[in-house]
Amino acid sequence: MRLTLLGPVELRDARDTAITMPSGKRLAVLALLALRLNETVSVGQFFDLVWDGDAPPQARAALQGHVAGLRKALEGAPLQIVTAPGGYRLEGAPDDVDVHAFTRLAAEGTGHGDDGTAADILRTALDHWRGEPLLGVPDGELLRVWRPELEERHLAATQEWAARLLALGRGAEAVSALETASGAEDHREREPLAALLMRCLHQAGRRTEALEVYDTARRWLRTELGVIPGADLQSAFTAVMEEDAQEAEKAEEAEEGGEAGEAGKPGEGEEAAAVEAHIAPPGAPTATAGAPESPALSRCHLPLLPHGLVGRQTDTEWLERECGPDADGAGVALVTGPAGVGKTALALRWAHSATDAFPDGQLFVDLRGFDTDGRISAHDALGGFLRALGMSDWDIPTTERERQDAYTELTERRRVLVVLDNASSEDTVRPLLPAGAGCATVVTSRVMLDDFVIHDGAAVRSLAPLPEPEALSLVAAMAGADRCARERAEVRRLIALCDRLPLALRIVGARLSTNPEWSIGDVVGELEDERFRLQSLATTGAASVPSALKGSCSRLTPQAARLLTLLALHPGTDTDRYTASALLDSGPEEAQAAVAMLASHHLVAETRPSRYGRHDLVRLYSEGLLAELPGTLRDEARDRLVDYLLAATAHAVSFNHMADERLNGPHEWQPHALPLLSDGDEAWEWFCAESHTVLSLIRNPRVDPVRAWQLADNTINIHLDRAPLPAHMTFAEAGLARAEECGDGYGQSRMLFIRGTATRILVGPAEGLEFLERALGVVQGLPLSLQHVRVRLGVGWCRLTLGDLAAAQDQLRAAIEDAAQLGNRYAQALATTDLAHLLLKDGDPHGAVRAAREARALLPGSTALTVVMSLLNEADALWALGDLEAAEPCLLEVIERSRAMHDLPYWLAAERDYARLLEAAGRPDEARAHRSFADTLANSSSVMDYLEAFRYSPAVSACSRERPVPTDPGLPE
């Protein structure tokens with residue numbers, strides 16, 4: 001028995017008789033398992049492809065029922081369905097499923113060196129096809145994903161089989177299959193397919209039909225896409241014409257006894273016009289057969305300038321310096337930039353202005369390096385150049401090397417300007433460089449042709465989007481200055497929505513120009529809807545933003561193209577190699593290579609060292625690509641991104657001595673690498689660059705809520721000592737919503753505690769107490785943890801501030817007991833220090849002194865901030881007892897510790913307290929010195945920046961652990 005998918009989905013017995021099979025979703029389940037033979041298909045993938053990503057609650061039970069039914073249907077077959085972790089797997093020999101047998105044979109035939117053997121193997125592979133693949137499977141995501149893929153494999157095998165037959169001189173055998181393939185509606189753009197059909201028809205002696213294929217393809221390309229045939233079709237046309245001409249010449253020579261005849265020139269026909277169309281604008285005269293071998297070039301081959309060019313004056317001046325008659329360099333310039341930024345327009349504007357400097361002519365070729373339909377080879381471009389330089393078609397050599405030699409000879413004593421537009425590689429550009437010392441070449445490309453710059457000495461200029469004033473001028477020139485003056489704000493918004501990209505601005509400008517009754521605000525409203533913005537910037541021709549972006553992507557490596565797609569999951573304004581590594585699930589070196597390729601194609605730009613940003617239009621294009629991925633793949637990549645940020649934020653938190661000891665790391669996936677951070681300053685700088693991304697992911701409903709609140713928790717730990725209170729509030733509010741969504745008690749208590757503590761300081765103790773008591777109610781239902789200590793301290797501080805000292809003391813003593821039970825001496829010391837402060841407020845300075853000393857006794861030799869706080873509390877209590885002599889060393893120790901550890905607010909407080917103590921002790925001169933220094937310290941911006949953060953941090957943290965002593969204080973002496 002064998003299972004067929006390349007036609008109706010059927011199970012066929014040894015006599016090739018179809019056995020009755022299920023239908024509907026059950027058949028779709030079988031098809032998916034068979035397509036992924038011997039691979040586990042996860043439940044999520046079934047939901048994505050069989051239930052179209054919209055599985056109802058009962059879908060899992062329905063899937064189990066389908067699998068049970070299929071197992072029964074497959075009884076006696078050499079295929080069996082097994083249950084695997086997270087899904088199901090169909091096991092069996094690949095040759096028992098036709099699609100896998102076909103795939104194996106197609107690969108074997110394609111890789112075989114002998115054309116005859118390869119053709120036979122490929123024919124056997126193609127015999128597995130019995131019609132449209134997956135017939136009987138219901139319409140849905142499975143068909144949308146897999147049918148085009150299978151048809152693409154069939155087409156590739158058909159073309160390879162036809163090419164092998166053509167090489168054997170048996171092209172006629174492939175004509176019928178190629179005609180069927182080329183007649184498909186979605187294959188009309190396949191120029192290589194049409195070219196192969198032309199060659200096979202010609203080999204079969206059907207020359208007229210071959211030319212009809214070319215003419216049909218040419219007219220369709222021009223009418224539907226606004227382009228001319230590409231290199232494959234042109235090459236096939238040339239082969240047909242040249243072979244016919246050679247046969248005619250041989251016949252004529254035979255008739256005239258071997259003498260050379262006066263046969264017509266193929267360059268006068270359609271092939272010459274087709275290639276020339278890439279060299280000169282439509283309507284320009286073509287070279288004639290009777291032209292002298294190497295005349296002086298007497299005409300301009302530059303396309304006409306587009307209407308309404310604005311700006312780029314400094315860039316034009318740069319081209320004049322690099323390529324003009326007084327150029328100092330090699331006279332070779334490379335203009336790069338993203339698609340649609342105006343590279344061609346700049347090159348042509350300067351070239352038209354410089355025609356007098358190049359009296360021997362100006363050549364232009366659009367190499368179409370980023371067209372998805374086909375590129376112009378150096379061989380074909382050289383043929384066009386030689387023809388433009390006056391060489392007859394009979395004299396143009398056939399090989400690229402010979403054409404290059406002829407081109408060198410024709411240009412080495414001339415002053416010619418050459419414009420090579422849309423180049424994608426150095427290999428295409430180099431053969432087209434003119435040889436003369438008085439020549440100049442301008443190359444435009446969407447990529448940075450590094451080797452061309454390094455080895456050929458090209459000067460390089462990278463174009464950015466238009467500055468706003470120039471963008472305003474462009475829109476005004478097309479839509480009308482008065483109209484723009486009436487809607488100034490709308491025009492500026494329009495420009496921003498178009499990323500200040502000239503191509504996008506010209507498209508909307510043209511729409512406004514042809515629809516004078518529209519307001520600019522109408523178009524802005526349309527562009528504001530991100531779902532349709534790229535569609536609004538599309539046209540039926542090649543001048544389309546989506547088409548331009550598609551062309552840029554066509555030259556990417558698979559890994560770079562995948563990264564561009566997955567970057568749509570990243571909500572930040574810029575990213576780095578570590579984030580790319582997480583999205584790709586690859587090492588940072590491979591990720592950096594993918595990022596570098598995107599940067600070289602101007603799909604991302606380096607905004608600062610090692611960080612890369614995207615324009616909005618690229619972001620929207622990425623989102624379109626992402627939408628084509630199965631939901632499971634999107635979810636897996638998003639989970640990797642969040643797991644990476646959990647690991648990276650936990651790493652950043654490790655530099656903060658006040659942070660919670662319970663850090664939230666990744667759930668399932670472990671990052672390949674984390675940012676290289678060496679201290680708290682670098683950790684904070686890294687987080688500032690990622691904060692927008694982190695907050696957006698916390699709020700994203702598609703992100704697992706447990707991961708989301710844990711990410712918020714890590715973030716708040718990074719904020720300690722650093723961020724202003726509103727930032728804590730923002731992350732806590734977002735984290736609380738996600739913790740409540742998943743019912744996580746610990747997460748709710750953490751976020752409520754943060755909100756309550758920040759509210760206590762920003763708004764008032766009564767308002768803060770509301771959140772803190774909610775946190776206490778939640779945490780009391782959980783196993784004992786440091787969170788119990790933290791929440792009790794928060795409630796105690798609110799009660800103390802509100803004057804309820806007895807209730808405050810109950811909470812602080814309970815916090816001390818909890819910390820002791822946990823064995824956490826840092827938390828116990830902090831709670832005891834807070835108790836010392838409360839006892840002093842309650843009129844018990846002796847008790848306050850004892851509590852402060854007990855706190856320090858828990859941390860002998862410690863650098864923890866708690867030691868400084870306990871010393872200040874003890875100094876205050878001793879002062880209250882009138883023992884200034886005992887208080888003085890406490891304050892001096894605080895000053896010394898604070899200076900050493902950069903505890904700026906505590907240093908400032910100690911300096912002021914010490915000045916007051918000195919005044920009370922009758923030492924006014926010393927007091928003035930310390931007061932003056934305290935004023936200097938208070939005016940230090942570095943101190944003021946930290947005052948609020950330090951005031952808040954001890955209230956949020958349940959402890960302060962050991963800290964490294966800073967090596968460079970950088971503080972006032």
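Which residue in strand 6 is the bridge partner of serine 42? Keep that in mind while loading the model, which is predicted.

**Whole chain**

Start with everything displayed. The protein chain has 973 residues, and 53% of them count as buried. Its secondary structure comes to 43 helices and 14 strands. Colour by accessibility if the viewer allows: the accessible surface of the chain is about 41,000 Å², and carbon and sulfur atoms account for 50% of that area. Of the contacts between residues at least 6 apart in sequence, 69% join residues at least 24 apart.

**The sheet**

Select residues 41-42, which are strand 4, and residues 87-91, which are strand 6. These two strands pair in the antiparallel sense over two bridges. The bridge partner of serine 42 in strand 6 is glycine 87, which answers the opening question. Valine 41 stands opposite tyrosine 88, also in strand 6.

Add residues 80-84, strand 5, which pairs with strand 6 in the antiparallel sense over five bridges. Within this pairing, isoleucine 81 has leucine 90 of strand 6 as its bridge partner. Now zoom in on the turn: strand 5 and strand 6 form a hairpin with two residues between them. Glycine 86 sits in that turn, with a positive phi of about 85°.

With the three strands on screen, the order can be read off as 4-6-5, in an open sheet with antiparallel pairing. Strand 4 and strand 5 are at the edges and have a single partner strand each, so one side of each lacks a neighbour in the sheet. Next select residues 59-73, helix 3, which packs on this sheet and touches strand 5 and strand 6. The direction of helix 3 makes about 145° with that of strand 5.

**The nonpolar cores**

Hide the sheet and select Trp350, Leu494, Val545, Leu563 and Leu598. These are the residues with the most contacts inside the largest nonpolar core, which has 121 residues. Helix 29, residues 631-653, gives the most to this core, with nine residues. A second core of 79 residues lies apart from it, and includes Leu11, Val41, Leu63 and Phe102.

Return to leucine 563 and show what surrounds it. Not counting residues up to four places away in sequence, leucine 563 touches Ala580, Leu583, Leu584, Ala591, Ala594, Val595 and Leu598.

**Helix 31**

Select residues 705-719. Is helix 31 mostly buried or exposed? Of its 15 residues, 14 are buried, so the helix is largely enclosed by the rest of the structure. A distance check can be made here too: at 1.5 Å a residue, helix 31 should span 21 Å, and its end C-alpha atoms are 21 Å apart, which agrees.

**Aspartate 451**

For the last stop, select aspartate 451, in helix 17 (residues 450-456). Its relative accessibility is 37%; because buried means under 20% and exposed means over 50%, aspartate 451 counts as partly exposed. Leaving aside neighbours within four places in sequence, aspartate 451 is in contact with Glu426, Arg430 and Asp456. Draw a distance from aspartate 451 to glutamate 426: the two are 25 residues apart in sequence, but their C-alpha atoms are 6.9 Å apart in space.

Notes: Residues are numbered from 1 along each chain as its sequence is written. This is a predicted model: local features need pLDDT of at least 70, side-chain atom pairs count only at pLDDT 80 or more; totals for chains, interfaces and linings use all residues. Side-chain values use heavy atoms; hydrogens and water are left out. A nonpolar core is a set of buried Ala, Val, Leu, Ile, Met, Phe, Trp, Tyr and Cys residues joined through side-chain atoms within 4.5 Å. Buried means under 20% relative accessible area, exposed over 50%, partly exposed in between (1.4 Å probe, protein chains only). Helices (H or I, at least four residues) and strands (E, at least two) are DSSP runs, numbered from the N terminus. Contact means heavy atoms within 4.5 Å. The expected span of a helix is 1.5 Å times one less than its number of residues. Two strands pair if DSSP finds at least two bridges between them. Axes are lines fitted to C-alpha atoms, for helices over the stretch in contact, and angles run from 0 to 180 degrees between N-to-C directions. Accessible areas come from the Shrake-Rupley method with a 1.4 Å probe; for residues, only the protein chains shown count as cover.
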